[in-house]
Amino acid sequence: MTHVDQLTAQLDRLGSADTGPFPVVSLYLDLKPNERGRDQFEPFLKKELAERMRTYPASGPGRESLDKDAEQIRAYVASVDTALNGLALFACSGVDLFEAIPLAAGVDQHRLYISHQ
């Protein structure tokens with residue numbers, strides 16, 4: 001299977017995922033290092049993920065799913081290949097969804113969305 005076929009299948013799975021009442025995390029990271037060679041995404045991820053999660057109730061199935069997503073996302077980005085320039089990641093632990101799409105091209109800016117699709 002070619003890389004394009006794999007990506008198409010991955011995007012098809014994402015598009016057809018039924019996440020029900022659980023929130024879905026969509027994360028886009030620019031992994032290119034800054035002028036000092038340091039990663040720029042860690043502060044963004046730490047701040048934005050915490051802020052967005054605070055908008056959900058402190059308990060319940062949706063929050064439990066988000067807590068697991070955050071843990072899984074942090075673990076994944078900590079081990080990401082430093083040769084990559086970008087990353088698109090989609091997670092919803094409530095329905096066992098975790099899809100990471102490593103990108104050779106950079107992402108113009110970090111973005112984080114949490115919604116029900």
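Let's start with the strands: β1 (residues 24-30) and β4 run antiparallel and are joined by five bridges. Keep in mind that this is a predicted model. One of the pairings puts Tyr 28 opposite Arg 111, its bridge partner in β4. Strand β4 itself spans residues 111-115 and has two faces: Leu 112 and Ile 114 sit on the covered one, while Arg 111, Tyr 113 and Ser 115 are on the uncovered one.

Stay with Arg 111 for a moment, since its side chain also forms a salt bridge with Asp 108, with the closest N and O atoms 2.7 Å apart. Arg 111 is partly exposed at 25% relative accessibility, whereas Asp 108 is exposed at 63%. Elsewhere, Lys 47, Glu 48, Glu 51 and Arg 52 are tied into one network by salt bridges that share partners. In total, the structure has six salt bridges.

Now for the helices. Helix α2 (residues 41-53) packs against helix α3 (residues 61-78) at about 175°, and the axes are 11 Å apart. Angles over 145 degrees count as roughly antiparallel, so that is how α2 lies relative to α3. On the α2 side, the contact uses Phe 41, Glu 42, Leu 45, Leu 49 and Met 53; among the α3 residues they meet are Arg 63, Leu 66 and Asp 67. Sorted by class, this contact has eight nonpolar, four charged and no polar residues.

Two of those α3 residues, Arg 63 and Asp 67, also form a salt bridge with each other, 3.0 Å from N to O. They are four residues apart in α3, so about one helical turn separates them. Arg 63 is buried at 18% relative accessibility, while Asp 67 is partly exposed at 36%.

Methods:
Residues are numbered from 1 along each chain as its sequence is written. This is a predicted model: local features need pLDDT of at least 70, side-chain atom pairs count only at pLDDT 80 or more; totals for chains, interfaces and linings use all residues. Side-chain values use heavy atoms; hydrogens and water are left out. Axes are lines fitted to C-alpha atoms, for helices over the stretch in contact, and angles run from 0 to 180 degrees between N-to-C directions. Angles under 35 degrees count as roughly parallel, over 145 as roughly antiparallel, 65 to 115 as roughly perpendicular and the rest as oblique. Contact means heavy atoms within 4.5 Å. Ala, Val, Leu, Ile, Met, Phe, Trp, Tyr, Cys and Pro count as nonpolar, Asp, Glu, Lys and Arg as charged, and the others, Gly among them, as polar. Buried means under 20% relative accessible area, exposed over 50%, partly exposed in between (1.4 Å probe, protein chains only). Two strands pair if DSSP finds at least two bridges between them. A salt bridge is a side-chain nitrogen of Lys or Arg within 4 Å of a carboxyl oxygen of Asp or Glu.
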